[in-house]
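Biologist: I would like to learn how to read a model like this one. Please show it to me before we begin.

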Amino acid sequence: MALIETKDLTYIYGEGTPFRKVAVDSVSLKIEKGEFIGVIGHTGSGKSTLIQTLNGLLRPTSGQILLDGRDIWEDPKKIRSVRFRVGMVFQYPEYQLFEETVLKDICFGPKNMGLSDEEAEQRARKAAEFVGLAPELLEKSPFDLSGGQKRRVAIAGVIAMDPDVLILDEPTAGLDPQGRDVLLAQISGYHKVRENTILLVSHSMEDIARTADRILVMNDSKAVMFEDTKTVFSRDTQLEAMGLRVPEITKIMASLKEKGWPVDTALTMEEALRQLMPLLGKGGVPGDS
Amino acid sequence: MIRDVALGQYIPGKSGIHRMDPRVKISLTFLFIIFLFVGSNYASMGVMTVLVAGILLATGIPLRQYFKSLKAVLFVVIFTSVLNLFYGSGQVLVQWGVMQITEGGVNRAVFIALRIVCLMLLSAALTFTTSPTELTDAIERLLKPLKIFHVKVHEIAMMMTIALRFVPTLLEETDKIMSAQKARGADLESGGLMQRVKALIPILIPLFVSAFRRAYDLAMAMECRCYHGGEGRTRMKVLKAKKSDAVAVIGALLLCAGVILLNIFLPGTVR
Ligand SMILES: Nc1ncnc2c1ncn2[C@@H]1O[C@H](COP(=O)(O)OP(=O)(O)O)[C@@H](O)[C@H]1O
Ligand SMILES: [Mg+2]
């Protein structure tokens with residue numbers, strides 16, 4: 001049984017007003033336990049809305065969300081327990097910090113779950129370690145940290161709840177390239193250790209190329225593709241028509257393949273190098289005389 | 001959703017009312033509101049009611065929107081009307097112990113209800129068809145004479161513009177913060193009073209922090225563009241009254257004269 005399944009999930013903002021907007025249009029998909037899913041689509045394609053329905057923050061206009069085979073809205077009073085199982089890190093999460101110290105802020109989620117102070121603190125420290133927050137930062141005020149550190153605190157605040165599914169909405173937005181790479185590496189490190197399900201939303205293909213097992217492509221409120229990463233990346237013309245830029249190296253490899261080189265779709269520079277070096281070592285271009 | 005709250009929101013459109021000079025719109029709205037209270041018999045009140053209905057239709061905005069704006073005052077309307085039923089004199093219609101409903105009371109109730117409803121509808125029509133910038137621009141121009149009393153008209157108008165501009169932004173922000181804290185298991189819906197007040201802390205603190213941050217950013221941005229108040233400031237869109245505005249003003253004045261005449265020549269129902 002799939003961990004999360006949606007059936008004809010539809011969400012409409014402002015139903016019955018002149019501002020009516022279908023943000024998610026009959027999306028049906030299945031996500032298995034332990035998968036790392038990349039969710040991609042240009043701005044306004046409905047990614048954020050879709051993921052907010054998954055943990056019950058938005059109630060779908062129509063359709064169903066099944067968690068372990070059970071409709072999460074079966075009993076609306078129990079929706080909080082769904083939110084503990086499906087953790088959600090919003091875009092620019094640093095604006096949600098409010099406590100006096102970093103540690104207390106990370107403890108907010110675990111304490112809401114009803115954990116004891118010691119247990120909450122233990123989890124908070126572990127979560128802080130996952131996102132690379134130095135222990136001496138934990139006693140500082142969250143408002144004294146740098147932007148990147150604040151973001152880590154906010155992410156730790158959700159990881160500390162130890163959710164079965166972790167959803168991150170554009171966690172790298174506004175970070176410098178190095179901070180971005182480090183954060184992505186930490187997230188995939190966390191995924192390897194914890195072996196839970198992760199949904200990482202991004203509008204940048206590079207971000208998810210390295211880490212995602214499967215990619216969900218959203219376009220114009222609809223889920224247009226949901227396949228393994230390589231397959232999605234090999235459809236570069238289709239993706240570009242939707243305003244998504246495939247990494248440069250993927251495009252180069254695709255055109256080499258078209259020219260008859262024995263290469264495969266490559267998502268990262270290292271992967272491309274691994275394929276090209278042996279070929280170049282042998283010298284000569286296949287097909288050329 | 002918190003942002004569904006109707007806040008006298010601007011609804012873009014292309015009707016003649018949308019395109020009217022906002023100064024004229026504001027002035028006429030005030031004039032009509034005064035005349036809602038001048039009308040003292042059913043004939044003159046009828047004229048005003050038809051006028052309001054005509055304006056609503058002319059804005060081309062779905063009547064549903066107007067009903068929504070009425071919802072907020074429905075209770076006030078019913079409450080005051082019912083209260084007024086029992087005041088007043090004249091022929092007794094229903095006697096019930098010491099309570100009595102008189103003809104005068106019924107008239108008063110009807111008038112009060114009509115006046116409040118029309119007043120709300122008129123102001124809704126104004127805010128639906130006029131963007132906040134147009135509104136404050138017009139208010140600034142209309143208040144200009146107050147400058148001789150050293151009232152800082154431009155600064156007040158600028159503050160109003162900024163405040164109005166940020167209402168939706170802050171609502172959106174509140175929405176986001178609430179969602180983020182709910183995702184961390186914050187319980188906003190249950191518990192006693194103290195618990196609920198406590199539950200607001202995780203929302204209010206980030207909200208204030210971000211409001212201050214925005215205020216600083218905006219102040220900085222304005223200073224960078226050499227904003228220094230109203231002195232010698234010209235505008236990009238100069239308000240210009242058109243021929244149609246003049247026609248509207250003349251029409252409105254004639255109507256008001258009519259209402260006064262009806263008041264004089266027909267007996268008054270309420271005072
Ligand atoms: N709270 C809201 N109210 C009304 N419309 C919204 C709201 N949030 C998003 N939308 C609209 O829904 C569509 C999808 O938005 P969103 O899910 O945020 O897309 P993405 O995260 O892919 O950028 C957009 O057209 C957006 O304007
Ligand atoms: Mg988004």
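Modeller: We will take the sheets, then the helices that lie on them, then the contact between chains.

Modeller: This is a predicted model, in which local features need pLDDT of at least 70 and side-chain atom pairs count only at pLDDT 80 or more, while totals for chains, interfaces and linings use all residues. Residues are numbered from 1 along each chain as its sequence is written, chains are lettered from A and ligands numbered from 1 in the order in which they are written, and side-chain values use heavy atoms, with hydrogens and water left out.

Biologist: In which order do the 4 strands of the open sheet lie?

Modeller: Strands (E, at least two residues) and helices (H or I, at least four) are DSSP runs numbered from the N terminus, and two strands pair if DSSP finds at least two bridges between them. Here the order is β2-β1-β4-β5 in chain A, with antiparallel pairing. β2 (21–31) and β5 (70–71) of chain A are at the edges with a single partner strand each, so one side of each has no neighbour in the sheet. β5(A) is joined to β4 (residues 62–67) of chain A by 2 bridges, in the antiparallel sense. Leu66(A) is opposite Asp71(A) of β5(A).

Biologist: Which helix packs on that sheet?

Modeller: Contact means heavy atoms within 4.5 Å. Axes are lines fitted to C-alpha atoms, for helices over the stretch in contact, and angles between N-to-C directions run from 0 to 180 degrees. Helix α1 (residues 47–54) of chain A touches β1 (4–13), β2 and β4 of chain A, and its direction makes about 125° with that of β1(A).

Biologist: What is the strand order in the open sheet of 6 strands?

Modeller: In chain A that order is β6-β7-β8-β3-β9-β10, and the pairing is mixed. Its edge strands, β6 (86–89) and β10 (222–228) of chain A, each pair on one side only. From one strand to the next the twist averages 15°. Strands β3 (residues 36–40) and β8 (residues 197–202) of chain A run parallel, joined by 5 bridges. Val39(A) has Val201(A) in β8(A) as its bridge partner. α1(A) also lies across β3, β6, β7 (165–169), β8 and β9 (214–219) of chain A, at about 155° to β8(A). α5(A) packs on this sheet too, touching β6 and β7 of chain A, with its direction at about 170° to that of β6(A).

Biologist: How many salt bridges are there over all chains?

Modeller: A salt bridge is a side-chain nitrogen of Lys or Arg within 4 Å of a carboxyl oxygen of Asp or Glu. By this rule there are 24 over all chains. One of them joins Asp25(A) and Lys222(A), with the closest N and O atoms 3.3 Å apart. Asp25(A) is in β2 and Lys222(A) in β10 of chain A, so the pair ties together parts 197 residues apart in sequence.

Biologist: How is the size of an interface often given?

Modeller: It is often given as the accessible area lost when the parts come together. That buried area uses a 1.4 Å probe and is summed over both parts. Between chain A and chain B it is about 2000 Å², 62% of it from carbon and sulfur atoms. In chain A, Tyr95(A), Gln96(A) and Phe98(A) lose the most area to chain B, together 27% of what that side buries. The contact takes 24 residues from chain A and 20 residues from chain B.

Biologist: How many salt bridges cross the interface of chain A and chain B?

Modeller: The rule finds 2. Arg184(B) forms a salt bridge with Asp105(A), the closest N and O atoms being 3.0 Å apart. α3(A) gives the most to the side of chain A that touches chain B, with 4 residues.

Terms used: Buried area = accessible area lost by both parts, 1.4 Å probe.
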